[in-house]
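Work through the exercises below with the model open beside the text. Try each task before reading its solution.

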Amino acid sequence: MKKLLTLAALMWIAISGLAAQTPGGTEILPGIWKFTFGTPDSITPVSIHDAPPRQEAIAALGSDGACPVIPQAEFGRRGVLLTLPLKNDELLYGLGLQLQSFQQRGKKKMLRVNADPRVDTGDSHAPVPFYVSSAGYGVLIDNARYMTFYLGSKRPEGAASDAVKVEIPRSEGVDVYVFAGPTMKEAVARYNLFAGGGTLVPRWGLGFWYRGETDFTQEQILALAEDFRANRLPCDVIGLEPHWQTASYSCSYVWRGTFPDPAAMIGTLREQGIRTNLWMHAYVHPSAPIHDALKPYSGDYRVWNGLVPDLTLPEAREIFKGWHAQATTGIGVSGFKLDECDNSDFTGNWCFPEIASFPSGADGEQMHSLFGLAIQQTIDELYRERGVRGYHLVRSSGAMAAPLPCVLYSDLYDSQVFINAVAQSGFCGLLWTPEVRDANGEEDFLRRFQAVMCSPLAMVNAWYLQMPPWKQMNREKSKRHIVDPGSPEMTDACRKWLEFRMTLIPYLHAAFVKYHETGIPPFRALVMDFPDETAAVKDIAGQYMMGDELMVAPLTATSKGTKTIYFPAGTWYDFFTGERIEGGQALTLSFPLDRMPLYVKEGAILPLAHATLSTEDPDSRILDFRVYGDDPRPTAVYEDDGGYPAQLKENQIHWDAKRARIRFQSKQYTSGKTIRIPSGQPGR
Ligand code: GAL
């Protein structure tokens with residue numbers, strides 16, 4: 001990456017004819033400045049990153065040559081101290097998945113990887129040393145230490161104004177990158193493009209995922225798939241939890257006897273349009289065939305008696321990939337759930353300590369910050385080498401993660417926190433899925449179900465449930481195989497939401513293409529999209545944009561069907577009823593259990609697919625169009641071969657005002673009916 005950047009910097013200087021020097025910093029790409037202070041650590045998120053920056057897309061964002069914020073550094077006994085000035089009205093967002101808070105100005109955060117973050121101190125599954133300011137710039141501190149950020153929260157004697165202070169312990173230097181706007185949205189986009197652009201999810205990844213109970217056998221997994229199909233329930237992926245392997249805490253990556261013919265099982269599932277995903281973590285059990293080969297490339301502490309491979313090293317990656325290319329991906333596994341790559345020293349105490357050392361030279365503290373990234377990169381490489389794209393789950397991530405095809409999740413179970421994290425993750429190149437498994441009754445279950453349907457990965461994580469929650473949502477009763485008498489109605493209700501998700505896939509896929517090409521996150525906070533309304537939207541965490549045209553505000557059981565929703569300026573339409581709502585106001589609205597707050601921007605054309613049981617069904621390529629308002633914007637859907645690199649073909653969708661019909665041509669998609677929702681609709 002460092003070499004690539006130097007080359008990119010030289011090319012930019014050559015193109016622009018500018019030496020592009022800011023005091024102490026260099027404009028290495030249009031609107032991206034690098035400041036080097038002292039001697040930076042050799043192992044950092046940027047140094048282990050392997051995707052090149054998207055230079056053309058960055059250039060398209062332009063630059064006025066003025067660095068929006070100038071960092072300064074001091075060195076002392078405590079390490080490096082950075083100071084970045086703050087204006088009075090600046091608000092700050094980001095620092096990764098901060099589950100307990102949204103706007104960060106005024107806070108103190110120490111960025112430590114922690115699987116069980118209970119208080120708002122900076123501990124997180126995915127802490128990211130990148131923040132973005134409402135003044136329209138972003139800052140990445142390229143370091144893997146547990147940094148402490150004082151986000152305008154402390155002002156020393158004599159200081160005339162606030163500043164962000166960042167303390168980096170145990171380092172002799174650091175690289176700081178500044179990303180220009182003009183607004184937060186472009187600053188975030190520039191950061192994501194610098195990392196290589198957003199990930200491009202294969203269409204199947206956007207279908208429905210279901211994870212079977214940990215002890216399910218090959219027979220039970222096949223029966224589960226048949227049950228889905230018998231009940232006409234869409235499903236694109238079934239996940240196997242730890243016990244597909246002979247050892248799982250730590251992992252052997254060897255199929256158990258309960259899966260006598262995994263290749264045949266994977267094949268049978270594929271015939272039904274269902275792919276297979278496997279749970280794993282990277283701690284390698286003594287019985288694993290790769291254990292001995294990995295030993296020289298592992299850290300000096302074990303986790304659950306397993307080796308901790310140093311996956312920042314190519315040698316370790318090759319061994320890890322070599323085995324999977326035979327045993328898992330080689331027989332058709334489509335992806336993984338990369339569990340427990342976060343840390344639990346502060347709570348469950350199961351991880352390697354900070355005092356561990358690794359062959360790359362990283363210590364345990366640095367490895368905690370990089371471990372989630374390194375396992376994601378390893379798995380991504382495995383699929384890249386096969387020429388197909390995967391889509392995976394991961395429990396830890398970090399800086400520069402935008403191109404990695406992985407979605408974060410967690411065991412914690414607070415609905416509102418989960419919903420807020422969808423918008424939160426969009427500030428830092430992360431993707432997040434709220435979790436649904438068992439539930440405290442119908443309302444709790446359906447509201448959780450609706451929330452995951454409006455997220456980057458729509459999944460039920462039933463890893464300890466004997467039956468799908470629509471048959472029994474109580475954990476104890478599920479254990480005893482007691483089917484709920486209301487199961488047929490609940491199955492119908494869930495089918496309706498699954499079909500809703502299936503219809504959205506072409507639209508969501510196009511939002512991911514945009515992420516890939518422009519860096520604009522597919523799921524993002526309102527404060528990114530409506531900079532002119534910052535005062536009204538600055539603290540709105542539970543309401544977010546899903547693509548450019550849809551605004552979602554998922555409910556929780558505690559909201560009892562009622563929510564105050566802010567409508568930004570413009571005209572909005574209720575997705576389900578077509579009711580028109582004028583923006584620039586907040587309204588308190590009620591929703592029965594079969595609806596949720598989901599609004600469409602005036603001028604949108606929504607391409608909605610026919611709901612099929614899987615994305616493999618050719619009927620999923622039949623599109624109905626919904627046209628909102630009298631003067632709709634053109635939009636697009638994409639043909640995608642699912643390959644690596646992706647072969648994409650854009651299909652434009654226009655509204656032909658003269659003939660009052662959609663203009664659309666595609667080899668892969670066919671047009672269904674068009675429904676118009678004209679501006680004249682009665683509304684609030
Ligand atoms: C947890 C994970 C759960 C489930 C479980 C299986 O760590 O978060 O989703 O996979 O492990 O043991």
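The exercises cover one sheet, one strand, one helix and one charged residue. This is a predicted model, in which local features need pLDDT of at least 70 and side-chain atom pairs count only at pLDDT 80 or more, while totals for chains, interfaces and linings use all residues. Residues are numbered from 1 along each chain as its sequence is written, and side-chain values use heavy atoms, with hydrogens and water left out.

**Exercise 1.** Find the order of the strands in the open sheet of seven strands.

Solution. Helices (H or I, at least four residues) and strands (E, at least two) are DSSP runs, numbered from the N terminus. Two strands pair if DSSP finds at least two bridges between them. The order is 18-17-16-15-14-13-19, with parallel pairing. Strand 18 (406–408) and strand 19 (458–461) are the edges, each pairing on one side only. At one of these edges, strand 17 (residues 392–394) is joined to strand 18 by three bridges, and Val-394 stands opposite Leu-408.

**Exercise 2.** Decide whether the faces of strand 8 (residues 127–133) are covered or open.

Solution. Buried means under 20% relative accessible area, exposed over 50%, and partly exposed in between (1.4 Å probe, protein chains only). In a regular strand the side chains alternate between the two faces of the sheet. On one side of strand 8, Pro-127, Pro-129, Tyr-131 and Ser-133 are buried; on the other, Val-128, Phe-130 and Val-132 are buried. Seven of the seven residues are buried, so strand 8 is largely enclosed by the rest of the structure. Strand 8 pairs antiparallel with strand 6 over four bridges, and four bridges also join strand 8 to strand 9 (residues 137–142), again antiparallel.

**Exercise 3.** State how many residues of helix 10 (residues 415–425) are buried, and what covers them.

Solution. Ten of the eleven residues are buried. The cover includes strand 6 (92–96), helix 11 (442–453), strand 20 (523–525) and strand 21 (544–546). At the N-terminal end, Asp-414 caps helix 10, with a side-chain oxygen 3.0 Å from the backbone nitrogen of Gln-416.

**Exercise 4.** Describe the surroundings of Glu-213, in the loop between strand 13 (208–211) and helix 5 (218–230).

Solution. Glu-213 is buried and has no salt bridge. A salt bridge is a side-chain nitrogen of Lys or Arg within 4 Å of a carboxyl oxygen of Asp or Glu. The nearest side chain of opposite charge, Arg-475, is 8.1 Å away; Lys and Arg count as positive, Asp and Glu as negative, and His and the chain ends are not counted. The side chain of Glu-213 does reach the backbone nitrogen of Asp-215, at 2.7 Å.

Methods
A polar contact is a pair of N or O atoms within 3.5 Å; within protein, one must be able to donate a hydrogen and the other to accept it, and residues adjacent in sequence count only if both atoms are side-chain atoms. Contact means heavy atoms within 4.5 Å.
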